[in-house]
Amino acid sequence: MDYQTVFIVIVAAFFLEAIALTITWQLNRNEDGTLEWALSGAMMALGSVVAIWVRAVQPEPALGNESMWLLAVIRSAGVALIALGWIYVWYGVRKFFGRSCPGRVAAAIVVGSFFVALLMAVPLRLPVAWVVACFSTFVSLCAALVFYEMGSPNKHSSVISRIMRISFAVVSLVWGARAAVTFADIHRPIDTSFDALAIFVALMVSITVTFGMILMTTERLQGHLRRQATRDTLTDVYNRRGFFEAIEPVVSGARNISPVALAILDLDHFKKINDTFGHAVGDGVLRRFAAVARLALRDEDFFGRLGGEEFVVLMIRTDARQALRAMKRVCHLLARGAIEVDGHKVSVTVSIGLTVKTRQRELDVEAMLKEADRALYQAKALGRNRVLAYGALESVAEK
C-alpha cells in the first residue's frame, strides 16, 4: 500500500472513529473524558481532510510563489487541528482518571506556537518535510504524555488500559523515530516506505485506542451499575446484597483470617426520631451514624446496612476484646454529642450485639447473625446504649 493510499484510509478511519466516539459521549454524558475524546476524533478527521486536500492540490509547493502562502496557511491549520486533537486525547485521559486539565488558553497557546513553527517553512524556504518533522515530534510527545498518564499510580489498571498504554508507547516510539529521521535529512522525500509505515501504525493504533476508549467507558459504567446494586444509596455503605457478596471470599477462607467478629448495630428509638422530626431528619441521622461508624472501624472491616436502622459489621482477625473495644468506640463517638440535621439537634444512641468465632474451617454467617441478633435483643432489654457479646453476662454501657 503506497503512502497516499494509506493517508486516505486513515482519514476515513478518523471519521468513523469520530462518529463512534461522539455516540459514546452522547450515551455517557456524565462520564468525564468522553466529550474530549469525541472532540479529538472530530478535530483529527477534519484536520486530515484539510491536509490531504492541500497535498492533492500541490504535493511540494514552490515556496517562492506568493500563492503558496495561502496553501501553506491552510495546510498548517489542518495539521494544527490534528495536533489539537492529540491534546484533547490527553485531556480526555486525564479527565477520565479524575485529574484536572490545563485550560483552553494553554491549549490555544501550544497549538498557536505549533502553527507558527509550521509556517516558518515559507520564509525559511524549507520543504514539506519540515512540517512532517514538526508534526511527528508533536505526536510523539503527546503519545508519551498519554502513556505516562495511563501508568500513573491509582489509575485504571484493566487489561484494556494496559493495551492502550502499549499502543501509545508504540506511536511515541515510531513517530519519534520518524521525526529524528526527517530532521536529520530535512530535504528527504516524505512518501517513503518508512513514512507509510508510520501512518499505518497510527491507523492501527487509532482503531485500537478508539475501541479501548469505548470499552473503558463501558467498563466504568458497568462498575457504576455494580456499585449501585451493592451500595446503600442513603449511607453509601454496603446494602444487604453487597455485604454478603463482599464477605463471600472471606467466608470460604475462614481458617486464614480467624478469629472473626460479627456485630449487629441498631439505633435506639429510631422510630421516635422519625415521628418527632420527620423522615428527612431520620435519613440525616442514618447518614451521620454510618459516617461515625466508619471512623471507628478499620478499612478492612466489612460494614453494611441490613435495612432500616439496622447495620452489620464483620471484622476479620479480631478477637472478642478487640471487637468489644471497636464497638465501644462507635457508641462513644455517637453518644458524645447531639447530631444536628436541618437545624434539629437529635440525641442518638446505639445498641450492639456481638459474636466472635475462632478456628473454623468455614464461617456460618447465618448462625453468627442469629447469635449477634440475640445479643442485640438482650442489650435492648438491659436498657439500650450498650454493647453485649453473645453469651456474656456482662455488658458495657456508654452513659
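Colleague: Between which two helices is the loop in which D236 lies?

Modeller: In this predicted model, D236 belongs to the loop that runs between α7 (193-230) and α8.

Colleague: Why does D236 count as partly exposed?

Modeller: The relative accessibility of D236 is 36%, and since buried means under 20% and exposed means over 50%, with partly exposed in between, D236 is placed in the partly exposed class.

Colleague: What is notable about the phi of D236?

Modeller: Phi of D236 is near 60°, which is a positive value in a residue other than glycine. Most residues other than glycine have a negative phi. R384 has a positive phi as well, of about 70°, although R384 is not a glycine. R384 is found in the loop between α12 and β7 (386-389), and at 29% relative accessibility R384 counts as partly exposed, because a value from 20% to 50% is neither buried nor exposed.

Colleague: What makes α8 roughly perpendicular to α12?

Modeller: Helix α8 (residues 240-252) and helix α12 (residues 365-381) pack with their axes 12 Å apart and at an angle of about 115°. Angles of 65 to 115 degrees count as roughly perpendicular, so α8 is described as roughly perpendicular to α12. On the α8 side the contact is made by F244, I247 and V251, and on the α12 side by V365, E366 and L369. These residues divide into 5 nonpolar, no polar and 1 charged, and because Glu is classed as charged, E366 of α12 is the charged one.

Colleague: How do you know that α4 is roughly antiparallel to α5?

Modeller: Helix α4 (residues 104-119) and helix α5 (residues 129-151) pack with their axes 9 Å apart, and the angle is about 155°. An angle over 145 degrees counts as roughly antiparallel, and therefore α4 is called roughly antiparallel to α5.

Colleague: Which residues of α4 and α5 meet?

Modeller: From α4 they are V110, F114, A117 and L118, and these meet W130, V131, C134, F135 and F138 of α5. By class, the residues of this contact divide into 9 nonpolar, no polar and no charged, a result that follows because Ala, Val, Leu, Phe, Trp and Cys are among the residues that count as nonpolar.

Colleague: Why does V128 count as buried?

Modeller: V128 is found in the loop between α4 and α5, and its relative accessibility is 9%. Buried means under 20%, so V128 falls in the buried class. Although V128 and R75 are 53 residues apart in sequence, their C-alpha atoms are 10.0 Å apart in space.

Colleague: What makes A108 partly exposed?

Modeller: A108, which lies in helix α4, has a relative accessible area of 49%. Exposed would require over 50%, so A108 is kept in the partly exposed class. The C-alpha atoms of A108 and L84 are separated by 8.3 Å, while the two residues are 24 residues apart along the chain.

Colleague: And why is A177 called partly exposed?

Modeller: A177 is found in helix α6 (residues 159-184), and its relative accessible area is 32%. With under 20% for buried and over 50% for exposed, the value leads to partly exposed for A177. From C-alpha to C-alpha, A177 and S136 are 8.5 Å apart in space, and they are 41 residues apart in sequence.

Colleague: How do you know that R288 counts as partly exposed?

Modeller: R288 lies in helix α10 (residues 279-296) and has 43% relative accessibility. Because partly exposed is the class between 20% and 50%, R288 is assigned to it. R288 and E340 are 52 residues apart in sequence, with their C-alpha atoms 9.2 Å apart in space.

Colleague: How much of the protein is made up of buried residues?

Modeller: Buried residues make up 49% of the 399 residues. The protein has 12 helices and 8 strands, and of its contacts with a separation of 6 or more, 71% are accounted for by residues 24 or more positions apart.

Colleague: What is the mean pLDDT of the protein?

Modeller: The mean pLDDT is 84, and 89% of the residues reach 70 or more. Over residues 393-399, however, the pLDDT is below 50, and this stretch has 17 contacts in the model beyond near neighbours in sequence.

Note on methods: Residues are numbered from 1 along each chain as its sequence is written. This is a predicted model: local features need pLDDT of at least 70, side-chain atom pairs count only at pLDDT 80 or more; totals for chains, interfaces and linings use all residues. Side-chain values use heavy atoms; hydrogens and water are left out. Axes are lines fitted to C-alpha atoms, for helices over the stretch in contact, and angles run from 0 to 180 degrees between N-to-C directions. Helices (H or I, at least four residues) and strands (E, at least two) are DSSP runs, numbered from the N terminus. Angles under 35 degrees count as roughly parallel, over 145 as roughly antiparallel, 65 to 115 as roughly perpendicular and the rest as oblique. Contact means heavy atoms within 4.5 Å. Buried means under 20% relative accessible area, exposed over 50%, partly exposed in between (1.4 Å probe, protein chains only). pLDDT is the predictor's confidence in each residue, from 0 to 100.
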